[in-house]
Amino acid sequence: MIKHIIAFNFFVFMMLHANAQNSEVDSLYATLKNWQQKRGSAIYSLKDSVEVRLLNSLSAYYQPINPDTSFYFAKRAMEISETIDDEYGVCMAYFNYGKYRYFKGEPKKAIPFFEKALLGFKKFNSTNELGETYRNLGINYVLLNDFIPAIESLNAALIPLRQSGDSIK
């Protein structure tokens with residue numbers, strides 16, 4: 001009887017957790033659709049910057065679930081970012097490309113994207129993004145058994161992650 005109650009509670013928890021994640025993505029989709037429908041207004045570049053942020057957020061969400069969908073959103077974010085000269089959006093798209101390659105099991109192809117993102121994040125002094133990018137570089141170097149740059153990257157991740165208040169995962 002206790003096992004059934006525990007199993008039922010676990011099932012309910014999982015459903016609520018999945019529903020919460022779906023509502024977040026649904027909200028991102030709804031906001032993206034809303035911005036896309038308002039094209040042509042006087043705040044064109046602001047709208048596009050918001051659209052880039054939404055596309056990069058959707059790309060990040062889909063990375064572990066469906067890397068190909070993640071890549072689609074990152075590619076679209078990159079296209080718009082380059083068109084409106086949104087350097088931060090380009091950096092995030094490069095970061096998402098790197099994560100795409102990581103989740104596709106291609107660490108060697110992921111590294112150049114993380115390095116490109118890193119250059120931009122240094123320029124913007126984006127503390128959390130710097131830490132996350134260094135961390136991902138380190139992880140991909142570990143997967144390639146290239147331990148010297150892995151250690152260097154993971155050590156470099158510590159300072160910005162601590163500064164941003166992120167827990168070291």
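**Exercise 1.** Is Asp 68 buried, partly exposed or exposed?

*Solution.* The model is predicted: local features need pLDDT of at least 70, side-chain atom pairs count only at pLDDT 80 or more, and totals for chains, interfaces and linings use all residues. Residues are numbered from 1 along each chain as its sequence is written, and side-chain values use heavy atoms, leaving out hydrogens and water.
Buried means under 20% relative accessible area, exposed over 50%, and partly exposed in between (1.4 Å probe, protein chains only). Asp 68 has 42% relative accessibility, so Asp 68 counts as partly exposed.

**Exercise 2.** Determine which parts of the chain are tied together by the salt bridge of Asp 68.

*Solution.* A salt bridge places a side-chain nitrogen of Lys or Arg within 4 Å of a carboxyl oxygen of Asp or Glu. Asp 68 has Lys 104 as its partner, with 3.3 Å between the closest N and O atoms. Asp 68 belongs to helix H3 and Lys 104 to the loop between H4 and H5, so the pair ties together parts 36 residues apart in sequence. Helices (H or I, at least four residues) are DSSP runs, numbered from the N terminus. Lys 104, at 38%, is partly exposed.

**Exercise 3.** Characterise the salt bridge between Asp 86 and Arg 53.

*Solution.* The N to O distance is 2.6 Å. Asp 86 lies in the loop between helix H3 (67-84) and H4, whereas Arg 53 lies in helix H2 (residues 44-62), 33 residues apart. Asp 86 counts as buried because its relative accessibility is 8%; Arg 53, at 33%, counts as partly exposed.

Methods:
Helix = DSSP H or I, 4+ residues; strand = E, 2+ residues; numbered from the N terminus.
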